[in-house]
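User: Please take a close look at one part of this model: the sheet with the helices packed on it, and the charged contacts around it. Then set that part against the rest of the chain.

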Amino acid sequence: MNRWRRLTLRSRLSLLAAAAVAVAVVGVSVLSWLVVRAELYRQLDGQLETDARTIAAQPERWRDTVQPPRIPDTDDDEHRPGPGPRPHYQQDFGPRWQLLDPAGVPYGAGTGVGVRPVLPVTEGARRVAVAGLPQHREKVGIGWDSYRMLTVRLPGGGAVQVAQATEPVNRTLGQLGALLAVGSLAGVAGAGLLGRSVARAGLAPVERLTRAVEHVAVTKDLQAAIPVDGEDEVARLARSFNAMLGALDASRTAQRMLVEDAGHELRTPLTSLRTNIELLVRAEATPDRTLSAEDRSRLLRDLEVQVVELTQLTNELVELAREDPGPVPVEAVDLSEVVAAAVERVRARGTGVVFATRLEPVTVAGRPAALERMVLNLLDNAAKWSPSGATVDVRLAWRAGAATLTVADAGPGIDREDLPRVFERFYRALAARSMPGSGLGLAIVAQTVEQHGGTVTAGRAATGGALLTVTLPTAGPGGPDSSDFLREPGGAP
């Protein structure tokens, strides 16, 4: 087994092909030999039966003329005729035949020196002649030769024995067996060579795939796609490998962009923090340039705001980078309760806007913490863009087998050219660049919705502000959710 495992796949396929062909060729050869053998013996038995029936039809004719046959011991006398006339019909019915009387004794046997029966009177032949058995077929040996002998009962008693030598049949079978053996060996050898060629041709795409994988492993080049030709299993494997390379390349690109964008976004608050801290340190180190209480208070407030923004940005980066939701269990969640809790949290922050809610009980399958984070980001975005005292409309309903959450603010709305990009990481519209925020809130919303198998869209509300719509799969209002899966970002269930 260890030696088999050390063989290459090409060698294994070649050996398996040769073994399969060998089994098939040997099986066909053996079956052919057996069929030919059965047919030859069937013809031999048919000839014996025809001869025996011909003699048995007129036994008186043969009985009156038959003389005891002589079977000399020497080969030189084998063709010498015995005493009396030799029946001419002996050559018509084969080399050996004889008649038995009702006592099972050959006619005329036992007289004369050196005279013995032409055919042996076996126990089976005696039962045909004496006991009346219809016929008996058997194999006998006479001298060095083997004969096929048939004994047939005569109508008036006694029997007729007819025998044919089996040496011609055996010689034919031997020649056929030798030819089949040579053909089988040639077929097995040819199958081995052909199997190696077929294995080489069949594994050529696999070798190309192997070289491509090794190239990617060495060069780290995820854009080295494999040419795909055909629709067979190897082509499917190549397409799957290309898709895997594309997914890995997209993931690496996304990670690189996240790191670059994060570094760019972190640079501003860190620079501001460093500047303010250096200003405070220099003020403390220079007694004649002491800051006033008002300036010190303003710097400390700026530091607090910057630390809060930096903390929020870091948390959002960590949340956004966590594409794999992890082992957090999925459970049935009443989305109306999640939205209500998020609205209360935003109200407690004192944003200065009014939240008008109309929530229907709808149950979805998901992760409560992730869903609440998604709703909080939607509400924070609406509160940031709405003027003080304005109303943000929050609605949750069950429509067409899905939970639909809409958040409409009272702000200026989203420009048409910005609509396709509002859910991208770090994207901030021209009007939003002067406002606080990292540009990650709606990206987290889109990622969470995608993980839960839903969709999110942006549009314009009837009041002119932005309208964000989230749709999540569900079984019905207040009922259990039939969707027990979450989606990976950009992936299948």
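Analyst: The structure holds 9 salt bridges. This is a predicted model, so every distance and angle below is computed from predicted coordinates.

Start with the pair E49 and R137. Their side chains meet in a salt bridge, with N to O at 3.8 Å. E49 sits in helix α2 (residues 9-57) and R137 in strand β2, so the bridge ties together parts that are 88 residues apart in sequence. Neither end is classed as buried or exposed. E49 has 29% relative accessibility and counts as partly exposed. R137, at 31%, is also partly exposed. The pair does not stand alone: D45, E49, R137 and R148 are linked in a network of salt bridges.

Now the sheet itself. It is an open sheet of 4 strands, in the order β1-β4-β3-β2, with antiparallel pairing. β1 and β2 are the edge strands, and each pairs on one side only. From one strand to the next, the twist averages 20°. In general, strands of a sheet pair through backbone hydrogen bonds, either parallel or antiparallel. Here β3 and β4 run antiparallel and are joined by 7 bridges. One place to look is M149, whose bridge partner in β4 is A163. Helix α2 packs on this sheet and touches β1, β2, β3 and β4. The direction of α2 makes about 145° with that of β4.

Helix α4 also belongs to this picture. α4 lies across β1, β2, β3 and β4. It runs at about 145° to β2.

Which residues of α4 are buried? In this helix, residues 123-131, they are G124, A125, V128 and A129. They cover an arc of only 135° around the axis, which puts them on the same side of α4. The spacing follows a general rule: an α-helix has 3.6 residues a turn, so residues three or four places apart point the same way. On the other side of α4, E123, V130 and A131 are exposed. V130 is therefore worth a second look in the viewer, as a valine that counts as exposed, with over 50% relative accessible area.

What do the buried residues of α4 pack against? They pack against β1 (96-100), β2 (135-142), β3 (145-153) and β4 (159-165). These are the strands of the open sheet described above. After α4 comes G132, and the phi of G132 is positive, near 85°.

Two other salt bridges give a useful comparison with E49 and R137. Take R171 and E167. Their closest N and O atoms are 2.3 Å apart. R171 and E167 are 4 residues apart in helix α5 (residues 167-202), so about one helical turn separates them. E167 is partly exposed, at 43% relative accessibility. R171 is partly exposed too, with a relative accessible area of 41%.

Next, R345 and E372. Their side chains meet in a salt bridge at 3.2 Å, N to O. This pair links distant parts of the chain: R345 lies in helix α9 (residues 335-348), E372 in helix α10 (residues 368-385), and they are 27 residues apart. R345 has 42% relative accessibility, so it counts as partly exposed. E372, at 22%, is partly exposed as well. The cut-off for buried is under 20%, so a value of 22% stays outside it.

Finally, the chain as a whole. It has 11 helices and 11 strands. Of its 493 residues, 35% count as buried. Among contacts with a separation of 6 or more, 65% join residues 24 or more positions apart. The accessible surface comes to about 28,300 Å². Carbon and sulfur atoms hold 57% of that surface.

For a buried site elsewhere, go to T469. T469 is in strand β11 (residues 466-473). Its relative accessibility is 17%, so T469 counts as buried. Leaving aside neighbours within four places in sequence, T469 is in contact with T404, L405, T406, T455, V456 and T457.

Back to the part you asked about. Both α2 and α4 contact β1, β2, β3 and β4. α4 does so with its buried residues. α2 is also tied to β2 by the salt bridge between E49 and R137.

Conventions
Residues numbered from 1 in each chain as written. Predicted model: local features only at pLDDT ≥ 70, side-chain atom pairs only at ≥ 80, totals over all residues. Heavy atoms only, no water. Buried < 20%, exposed > 50% of the residue type's maximum accessible area, 1.4 Å probe, protein only. Helix = DSSP H or I, 4+ residues; strand = E, 2+ residues; numbered from the N terminus. Arc of directions from axis to C-beta. Contact = heavy atoms within 4.5 Å. Salt bridge = Lys/Arg side-chain N within 4 Å of Asp/Glu carboxyl O. Areas by Shrake-Rupley, 256 points an atom, 1.4 Å probe, with all protein chains shown as cover. Pairing = 2+ DSSP bridges. Axes fitted to C-alpha atoms, helices over the stretch in contact; angles between N-to-C directions.
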